[in-house]
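I opened my notebook to look through a new structure, one step at a time. Come along and check each entry against the picture.

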Amino acid sequence: MNVSLFFSRFFLNLSPLLQKIARDERELFELHLRRQEKSANEEKEREARGEHEVSLAQKELRVVPSFLYKSRKAQIRLNSLQLLNLSNNKLVALPESGCFFHCASLKKLDLSQNRLQKLPDELSECTELIIFDIQNNDITELPEKFVTECVNLKKLNMAENEMIRLSEN
């Protein structure tokens, strides 16, 4: 059999498969673009309604990314943030300053399923906080100022921690 005839037949048979792969790749890319557009539109709608939420859950984070709170634009966004989900990561510490100071409108904070040992005093700036989940960490105590300042708190989940002491307040 002629080698060129063999390769001609081989590539003719392969051609429909390659076309199908190319179609599948194009469809996946279009689906990805539609999802990105939908996500961007949902974010715009939330902003238009005055609702803000940030979820960085299950990202295997060891630290809170500075882009979340360091820039002036991020600080403005934090002022109207209502939900912050940092659950199911590998966080061992939270920023001591600059992050929670700007979260005056925060209603729900989920820090569950991490490796946190301590909560920053600045957390007490979240005076509108209603739901606070710190389940399954290594936290030994709540900051005293947090206990006295966050008077709107309705649900506090601190199960599976190493609580040694609760504030007398």
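Are Phe 132 and Phe 146 buried or exposed? I looked up both residues in this predicted model, and Phe 132 and Phe 146 are each buried.

**Entry 1: the rings.** I searched the whole structure for aromatic pairs and found one. Phe 132 and Phe 146 form that pair, with 5.1 Å from centre to centre and 55 degrees between the planes. The pair counts as tilted, because planes under 30 degrees apart would be stacked and planes over 60 would be edge-to-face. I then checked where the two rings sit: Phe 132 belongs to strand 4 (residues 131-133) and Phe 146 to helix 3 (residues 144-149). The two residues are 14 residues apart, and their pair links distant parts of the chain.

**Entry 2: the outline.** Next I stepped back to the protein chain as a whole. I noted three helices and five strands. Reading along the sequence, I wrote down the pattern α-β-α-β-β-β-α-β.

**Entry 3: the sheet.** How are the five strands ordered in the sheet? They make an open sheet in the order 1-2-3-4-5, with parallel pairing. Strand 1 (53-55) and strand 5 (155-157) are at the edges with a single partner strand each, so one side of each has no neighbour in the sheet. From one strand to the next, the twist averages 5 degrees. I followed one pairing in detail: strand 1 joins strand 2 (residues 83-85) in the parallel sense over three bridges. Here I found Val 54 opposite Leu 84 of strand 2.

**Entry 4: the core.** Leu 84 came up again when I turned to the largest nonpolar core, which has 29 residues. Leu 84 is among the residues with the most contacts inside this core, together with Phe 100, Leu 109, Leu 111, Leu 119 and Phe 132. A reminder to myself: nonpolar side chains tend to be buried together in soluble globular proteins. I picked Leu 109 for a closer look. Leaving aside neighbours within four places in sequence, Leu 109 is in contact with Leu 84, Phe 100, Leu 123, Leu 129, Ile 131, Phe 132 and Asp 133. My ring residue Phe 132 is on that list too.

**Entry 5: the totals.** How many residues does the protein chain have, and what share counts as buried? The chain has 169 residues, and 31% of them count as buried. It exposes about 11,100 Å², with carbon and sulfur atoms supplying 52% of that area. Last, I looked at contacts between residues at least 6 apart in sequence: 52% of these join residues at least 24 apart.

Technical notes. Residues numbered from 1 in each chain as written. Predicted model: local features only at pLDDT ≥ 70, side-chain atom pairs only at ≥ 80, totals over all residues. Heavy atoms only, no water. Helix = DSSP H or I, 4+ residues; strand = E, 2+ residues; numbered from the N terminus. Buried < 20%, exposed > 50% of the residue type's maximum accessible area, 1.4 Å probe, protein only. Contact = heavy atoms within 4.5 Å. Areas by Shrake-Rupley, 256 points an atom, 1.4 Å probe, with all protein chains shown as cover. Core = buried A, V, L, I, M, F, W, Y, C linked by side-chain atoms within 4.5 Å. Pairing = 2+ DSSP bridges. Axes fitted to C-alpha atoms, helices over the stretch in contact; angles between N-to-C directions. Phe/Tyr/Trp six-rings, centres within 6.5 Å; stacked < 30°, edge-to-face > 60°.
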